[in-house]
Amino acid sequence: MGWPLAVSAGLMDKSPRALFRALWALAAGHLLATLLVLLPFAFLLVLAEWQRSIQLGASLLVIGFGVYRLIERRHPRALARIPPTQLALWSFAVAIAHGAALMLVPIYLGLCRAFQLDTGHEAAGALMKASLGMAVLVSLVHVAAMIGAGGCLAWLVYRYLGLRFVSRSWFNLDLIWATSLILVGVVALAFNLASWH
């Protein structure tokens with residue numbers, strides 16, 4: 001959701017160059033956040049005896065964070081306008097807080113069991129577990145997709161719709177996001193508990 005900040009940077013400087021500089025900063029922060037989350041989990045694969053505890057803890061953590069987001073829906077006002085010089089730091093912090101790489105972690109932790117997956121998911125799981133380089137590649141592809149989609153939205157809003165459209169049409173997805181976190185955590189927890197017996 002960083003693309004509105006890219007629009008803001010472009011509109012404030014009245015320059016598409018400012019928009020693209022902002023997109024680069026957002027991409028850098030997001031990439032750093034995904035690598036920070038993914039790389040430790042890649043190293044955790046060697047600690048197989050702790051796998052069950054990590055899976056249960058991760059499930060409970062996701063559920064807990066989802067419940068927290070349902071209760072506390074306000075965003076700090078300080079995040080309303082981020083200076084362009086701090087966009088990479090903002091992108092990093094938000095990607096960590098919003099769980100940007102957490103969607104990739106279940107494959108590393110084995111939350112998606114092979115008997116429950118089709119051939120494509122099995123192949124993706126095997127590739128991701130293959131090497132540390134694959135974790136970096138997954139992070140790069142994730143960030144390229146995120147910045148590509150967000151960059152298109154930012155450019156279209158900046159170029160054709162402007163600030164008036166953004167201020168009138170903004171909607172908050174926190175309720176949907178928090179509910180999906182709880183749902184994913186409950187499903188992961190249920191699978192782990194079912195496979196334990």
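In this predicted model, S15 touches G10 and Y158, leaving out residues up to four places away in sequence. The setting of this serine is the loop between α1 (3–13) and α2 (16–44). With a relative accessible area of 16%, S15 falls under the 20% cut-off and therefore counts as buried. Its side chain also has a partner close by in sequence: a polar atom of that side chain lies 3.0 Å from the backbone nitrogen of R17. Just before this serine comes K14, which follows directly after α1 and takes a positive phi of about 55°.

It helps to place this loop within the overall fold. The protein chain holds 8 helices and 0 strands, so that, read from the N terminus, its elements run α-α-α-α-α-α-α-α. Of the 197 residues in the chain, 37% are buried. Among contacts between residues at least 6 apart in sequence, 85% join residues at least 24 apart. The chain exposes about 12100 Å², and carbon and sulfur atoms supply 72% of that area.

The helix that leads into the loop, α1, is largely enclosed by the rest of the structure, because 8 of its 11 residues are buried. These buried residues are W3, P4, L5, A6, V7, S8, A9 and G10. G10 has already appeared as one of the contacts of S15. Three other members of this buried set, W3, A6 and V7, are in contact with A154, as is L19, when the neighbours of A154 within four places in sequence are left aside.

A154 itself belongs to helix α7 (residues 132–169). Its relative accessible area is 0%, so A154 is buried. The C-alpha atoms of A154 and G2 are separated by 8.8 Å, although the two residues stand 152 places apart along the chain. A different picture is given by L156, which also lies in helix α7: this leucine is partly exposed, with a relative accessible area of 44%. Together with Y160, L161 and F165, L156 makes a nonpolar surface patch of about 430 Å².

Charged side chains offer another view of the region around the loop. Side chains of opposite charge can pair when their charged atoms come close. A search of the whole structure finds 1 salt bridge, in which the side chains of D13 and R21 meet at 3.8 Å, N to O. D13 is partly exposed, at 44% relative accessibility, whereas R21 is exposed, with a relative accessible area of 52%.

Helix α8 (residues 174–196) completes the description. At 1.5 Å a residue, its 23 residues should span 33 Å, and the end C-alpha atoms are indeed 33 Å apart, so expectation and model agree. The buried residues of α8 are D174, W177, A178, L181, I182, G185, A188, L189 and N192. An α-helix has 3.6 residues a turn, so residues three or four places apart point the same way. The buried residues of α8 pack against two other helices, α3 (51–71) and α4 (87–97).

Terms used: Residues are numbered from 1 along each chain as its sequence is written. This is a predicted model: local features need pLDDT of at least 70, side-chain atom pairs count only at pLDDT 80 or more; totals for chains, interfaces and linings use all residues. Side-chain values use heavy atoms; hydrogens and water are left out. Helices (H or I, at least four residues) and strands (E, at least two) are DSSP runs, numbered from the N terminus. Buried means under 20% relative accessible area, exposed over 50%, partly exposed in between (1.4 Å probe, protein chains only). A polar contact is a pair of N or O atoms within 3.5 Å; within protein, one must be able to donate a hydrogen and the other to accept it, and residues adjacent in sequence count only if both atoms are side-chain atoms. Contact means heavy atoms within 4.5 Å. The expected span of a helix is 1.5 Å times one less than its number of residues. Patches are made of residues with over 30% relative accessible area and no salt bridge: like charges are joined within 9 Å, nonpolar side chains (Val, Leu, Ile, Met, Phe, Trp, Tyr) within 5 Å. Accessible areas come from the Shrake-Rupley method with a 1.4 Å probe; for residues, only the protein chains shown count as cover. A salt bridge is a side-chain nitrogen of Lys or Arg within 4 Å of a carboxyl oxygen of Asp or Glu.
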